[in-house]
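Please open the structure in your viewer and keep the selection tool at hand. The tour below moves from one selection to the next.

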Amino acid sequence: MTDGTSASARQTLYGVPKEHAIDVLAPSALCQCRFSSKVARWRRCPKIGTEPVEYLRELLGLVRGHQYDLLLPTHEEVYLLSKFRDSIAQHVHLAVPAFDAMQKLIGKIDFAETMHALGLPTPAFQVRHPDSLLKGDLSFPFYLKVNLGTAGLGVRLVRNAEDLTSALAEFRDAKLLESEPLLVQQPATGQMCVGQAVYQDGQLMGAHSAKVLIDCSGGGAMLRESVHHPGVIDDLKRLGNSLGLHGAIFVEYLYDEATQTPSYIECNPRIGESVNAILSGVPLVKLFCEISAGQVVDSLPVGKEGVRSHTGFVRLMWMGAEGATRRSIRQERSDMRSQRGRYDHAQNETTRPDEDRYSVWPARFVGLRLQLRPASGAEMIKSTVLNYSLPSSACRKIDALPADFARQILEGSAS
């Protein structure tokens with residue numbers, strides 16, 4: 001697994017078939033996937049967001065020196081793997097979209113333009129340079145988004161000119177505002193949902209959707225419930241067929257129950273958080289592994305509706321980051337454990353001791369830190385995101401690499 005730090009990586013562990021022994025690659029010795037009975041070894045690597053070339057060297061050095069069956073990407077390193085997928089596939093199985101398709105999905109601007117070109121529903125948008133946003137010809141409110149951003153770090157709701165100035169200042173301070181244009185997107189109405197899909201050579205082989213019952217300021221689903229939206233499945237089929245997708249993606253969309261229509265706002269070309277799908281009877285990770293191995297697969301059935309699950313300690317970290325007190329965090333944790341209130345019949349997606357006895361350790365560590373100082377949730381989130389995020393500066397470095405760079409590393413001839 002090419003990432004061991006994110007919640008997506010932790011949840012992916014639960015779906016990998018038991019016959020696989022798993023190594024995880026991560027910059028930090030405290031990466032949460034290291035604490036898993038399903039993981040054989042942790043391998044240290046550079047941060048892909050600051051050192052993408054060095055990350056690639058480390059990863060391909062491991063591929064060259066070991067007999068791995070599969071390379072399983074779980075986060076934004078999929079962009080780097082897509083750039084060199086043909087060279088890497090000569091040495092290890094993997095399933096990632098072709099690079100031209102990847103470039104049409106990974107950025108918020110890229111995705112909006114792709115959906116518009118395909119005639120698939122997305123909120124009205126403009127692409128604007130930061131300097132042009134202060135000219136006063138904008139219609140409030142709108143969402144201001146950087147093209148590449150993780151965990152909601154590059155998305156702000158702008159209600160007026162004061163919000164706009166503040167959002168631009170925040171983006172600059174976070175070093176998210178570079179030379180690239182920004183997406184100005186109108187709000188859409190409806191229930192926030194997440195849809196996941198796995199493709200084999202452009203054909204949709206498995207899909208799952210869940211509505212978001214609790215989210216966070218970073219935009220992630222903290223509590224979700226499985227749903228079935230046939231129209232979304234049709235749209236995902238069309239998207240995959242048009243781009244010839246191979247591998248996994250997940251999309252975020254707002255769903256209008258009255259009209260039964262979605263409005264797509266973001267795409268991530270990776271597997272995403274997959275436990276709700278597994279609990280609903282849709283083993284997307286297992287399917288992803290089989291497709292990665294080059295197997296011929298059957299399409300998965302539609303999953304059960306009404307299955308609830310939550311992100312456990314990840315939810316508690318976000319509560320701390322958003323200013324919650326020790327008492328409210330303790331109460332939330334108690335409600336999760338007892339499946340009370342809004343957590344009624346909701347299973348934990350990240351801490352699953354019946355399947356992974358060591359999964360309790362990250363939760364205990366986070367719980368202790370939050371009780372000592374709730375605001376440390378923001379620090380833990382920031383340090384984790386920096387381990388796997390891929391800013392525009394890193395993408396430019398990847399884009400500039402020669403097409404045969406990975407082949408040279410794998411053959412031991414790269415300088």
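Which strand gives the most to the lining of the second largest cavity? In this predicted model, that strand is S8, residues 203–215, which contributes three residues to the lining. To see the whole lining, select Ala-207, His-208, Ser-209, Val-227, His-228, His-229, Ile-233, Val-302 and Gly-303, which enclose a volume of about 80 Å³. Coloured by class, this lining shows four nonpolar and five polar residues, with no charged residues.

Next, turn to the largest cavity, which holds about 100 Å³ of space and belongs to a set of seven cavities of 30 Å³ or more in the structure. Its lining is made of 13 residues, and those to select for the part nearest the centre are Glu-76, Ile-106, Leu-148, Gly-149 and Asn-268. By class, the lining of this largest cavity has six nonpolar, three polar and four charged residues, and its largest share, three residues, comes from S11.

Stay with Asn-268, which is placed in strand S11, residues 261–268. Asn-268 has a relative accessible area of 8% and is therefore buried. Leaving aside residues up to four places away in sequence, Asn-268 touches Ile-249, Phe-250 and Glu-252.

Finally, select helix H6, residues 108–118, together with helix H8, residues 230–243, whose axes come within 11 Å and cross at roughly 100°; the two helices are therefore roughly perpendicular to each other. On the H6 side the contact is made by Thr-114, Met-115 and Leu-118, and on the H8 side by Arg-238, Leu-239, Ser-242 and Leu-243. These contact residues divide into four nonpolar, two polar and one charged.

Notes:
Residues are numbered from 1 along each chain as its sequence is written. This is a predicted model: local features need pLDDT of at least 70, side-chain atom pairs count only at pLDDT 80 or more; totals for chains, interfaces and linings use all residues. Side-chain values use heavy atoms; hydrogens and water are left out. Axes are lines fitted to C-alpha atoms, for helices over the stretch in contact, and angles run from 0 to 180 degrees between N-to-C directions. Helices (H or I, at least four residues) and strands (E, at least two) are DSSP runs, numbered from the N terminus. Angles under 35 degrees count as roughly parallel, over 145 as roughly antiparallel, 65 to 115 as roughly perpendicular and the rest as oblique. Contact means heavy atoms within 4.5 Å. Ala, Val, Leu, Ile, Met, Phe, Trp, Tyr, Cys and Pro count as nonpolar, Asp, Glu, Lys and Arg as charged, and the others, Gly among them, as polar. Buried means under 20% relative accessible area, exposed over 50%, partly exposed in between (1.4 Å probe, protein chains only). On a 1 Å grid over the protein atoms alone, a cavity is a set of points where a 1.4 Å probe fits but cannot get out, and a pocket is an open set with protein on both sides within 12 Å along at least five of seven lines; lining residues have an atom within 4 Å of a point. Grid points are joined across faces, edges and corners, and a volume is the space filled by probe spheres set on the points.
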